[in-house]
Amino acid sequence: MSTVIKGGTVVAADRSYEADVLIEGETIAAIGDNLAGDKVIDAEGAYIMPGGIDPHTHLEMPFMGTTTAETWESGTFAALSGGTTMVVDFVIPGEDGMLKALDAWEERAARQASSDYSFHVAVTGWSEKIFDDMAAVVGRGVNTFKHFMAYKGALMVNDDEMFASFSRCAAIGALPLVHAENGDLVAALQQKCLEMGISGPEAHAYSRPPEVEGEATNRAIMIADAAGVPVYIVHTSCEQAHEAIRRARQKGMRVYGEPLIQHLLLDVGEYANADWDHAARRVMSPPFRDRQHQDSLWAGLSAGSLQVVATDHCAFTTEQKQFGRTDFTKIPNGTGGLEDRLSLLWTHGVETGRLTMNEFVAVTSTNIAQILNVYPRKGAVMVGADADIVVWDPKKSKTITAATQKSIIDYNVFEGHEVRGMPRYTLSRGEVVWGEEGSNEPRPGRGRFVKRPPFSAVNRALSTWKELTAPRAVQRSAEHMPIGV
Ligand SMILES: NC(=O)NCCC(=O)O
Ligand SMILES: [Zn+2]
Ligand SMILES: [Zn+2]
């Protein structure tokens, strides 16, 4: 059975051109003029783009004494409805270690996911077992490891542990990811706010100023440089962190920065809202910033110093947020955005001229696939690639509201935002899973795990360079040594 998408404009990361796209089974078989297939999908007036990849989600994740309420079933369905065809979710090891945690995540995802998925695994300490398990994790198709510099007393790792883990990543061809906030400082500033009697959600932003993020970002980059490994900074929210990334990249270091759609669009003023629930629903780390930081992030996306737009979809219900009713440090950290990332970025990026359509495709899909070493199987409209495609209608519009969203959370932090640009159809491996001819129901069990091999081109190049420039002892003959040595 073949399908042809007809009458649209293919928008890739490097160019746009008019063509039909022929799909045979699960893959793209041809791109060209006047193609024919058993089934026709109308793309007149629309753009044919690679499906979005969200590289940062937390579905059903145990965190801060509770578990994120978005399930694999609801989260991946919400993703498809917004044009995202693959999510990469964070596995957080418990007492049983990485491999058991990976088993648990795989089981939940395999049973429920409608979209394809992959994983990152967190390194939350250091031991011989973690050293060994990291190689086993890579053997199972996961090439990225997450490090939290914040969440003191829970997930946080120190500099020694990060250096050990980053060095291990270099050896096994993996990419370290970092949540960059100085966890000691955050803990001290949280305590200070509580002592001052500021216990509401507004204290969340006071306790995590941009400097705390900028310092940690710079430190993570320096540790990665010493270890000889590329590094990916998750949820880059401010100029200070962006500056550290920009500076490192100008020096030739292999550093990636990931702004979130929330940090691009939502303002720190949200935490001052008189309604406690409104403010608490927006508590995430790092917190929202002001306009100056948002402008810096937008500039980074067009300048190329930031490469990816994600969501860090980590969604808790209002009831869960209320665990922190009397103490902001107990409000579960996290917000959502998985469903609306593409429409919001299109509206505020492409429609305003901040981004070209090609840059939009790059930061929502292609760059991510390249960085995560799964390109061009994912992230490309190309012959031989998986037919994960969004037929994007730039004229379709909606007002975002929790009342109609696919996410099962009882609110949406973008409530009331108008967006223009939405999927007409979303195809996952050749099948319409959302749109006028789709069933528009979750398809639990349809999604597949996407293996990502180690040793990307960047890993290899950096290892080669590090080996060439490694410290070497100078061989000196006895006559050039001080007497007595
Ligand atoms: N970002 C956030 O507040 N929650 C999710 C966990 C993390 O990524 O830090
Ligand atoms: Zn984080
Ligand atoms: Zn996260």
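Modeller: Two residues are in contact if their C-beta atoms, placed from the backbone, lie within 7 Å. With that cut-off, and not counting residues up to four places away in sequence, Asn459 touches Gly173 and Pro230. This is a predicted model, in which local features need pLDDT of at least 70 and side-chain atom pairs count only at pLDDT 80 or more, while totals for chains, interfaces and linings use all residues. Residues are numbered from 1 along each chain as its sequence is written, and chains are lettered from A and ligands numbered from 1 in the order in which they are written.

Biologist: Does the same residue count as buried or exposed, and in which helix does it lie?

Modeller: A residue is buried if 20 or more other C-beta atoms lie within 10 Å of its own, exposed if 12 or fewer, and partly exposed in between. Asn459 has 22 such neighbours and therefore counts as buried; it lies in helix α15 (residues 457-468), where helices (H or I, at least four residues) and strands (E, at least two) are DSSP runs numbered from the N terminus.

Biologist: How should I read the sheet, and what is the order of its strands?

Modeller: Strands of a sheet pair through backbone hydrogen bonds, either parallel or antiparallel. Pairing here requires that DSSP finds at least two bridges between two strands. The open sheet has 7 strands in the order β8-β11-β12-β13-β14-β15-β16, with parallel pairing. Because β8 and β16 stand at the edges with a single partner strand each, one side of each is left without a neighbour in the sheet. The twist from one strand to the next averages 25°, taking axes as lines fitted to C-alpha atoms, for helices over the stretch in contact, and angles from 0 to 180 degrees between N-to-C directions. Helix α7 packs on this sheet, touching β14 (175-179), β15 (231-233) and β16, and its direction makes about 170° with that of β15.

Biologist: How many bridges join β12 to β13, and which residues of β13 are buried on each side?

Modeller: In a regular strand the side chains alternate between the two faces of the sheet. Strand β13 (residues 144-148) has Thr144, Lys146 and Phe148 buried on one side and Phe145 and His147 buried on the other; with 5 of its 5 residues buried, β13 is therefore largely enclosed by the rest of the structure. It runs parallel to β12 and is joined to that strand by 2 bridges, with Ala122 standing opposite Lys146. On the pairing of β11 with β12 (residues 116-122), 6 bridges are found in the parallel sense, and Val91 stands opposite Val121.

Biologist: Turning to α11, which of its residues are buried, and which are exposed on the face turned away?

Modeller: The buried residues of α11 are His293, Gln294, Ser296, Leu297, Gly300 and Leu301. Seen down the helix axis they fall within an arc of 160°, so they line one face of α11; the arc is that of the directions from the axis to the C-beta atoms. The opposite face carries the exposed residues Arg291, Gln292 and Ala303. The buried residues pack against several elements, including α7 (210-227) and α14 (357-371).

Biologist: Which residues have the most contacts inside the largest nonpolar core?

Modeller: A nonpolar core is a set of buried Ala, Val, Leu, Ile, Met, Phe, Trp, Tyr and Cys residues joined through C-beta atoms within 7 Å. The largest has 128 residues, and those with the most contacts inside it are Val21, Ile48, Ala220, Ile233 and Val391. Its largest share, 8 residues, comes from α14. A second, separate core of 9 residues includes Ala279, Ala280, Val283 and Met284.
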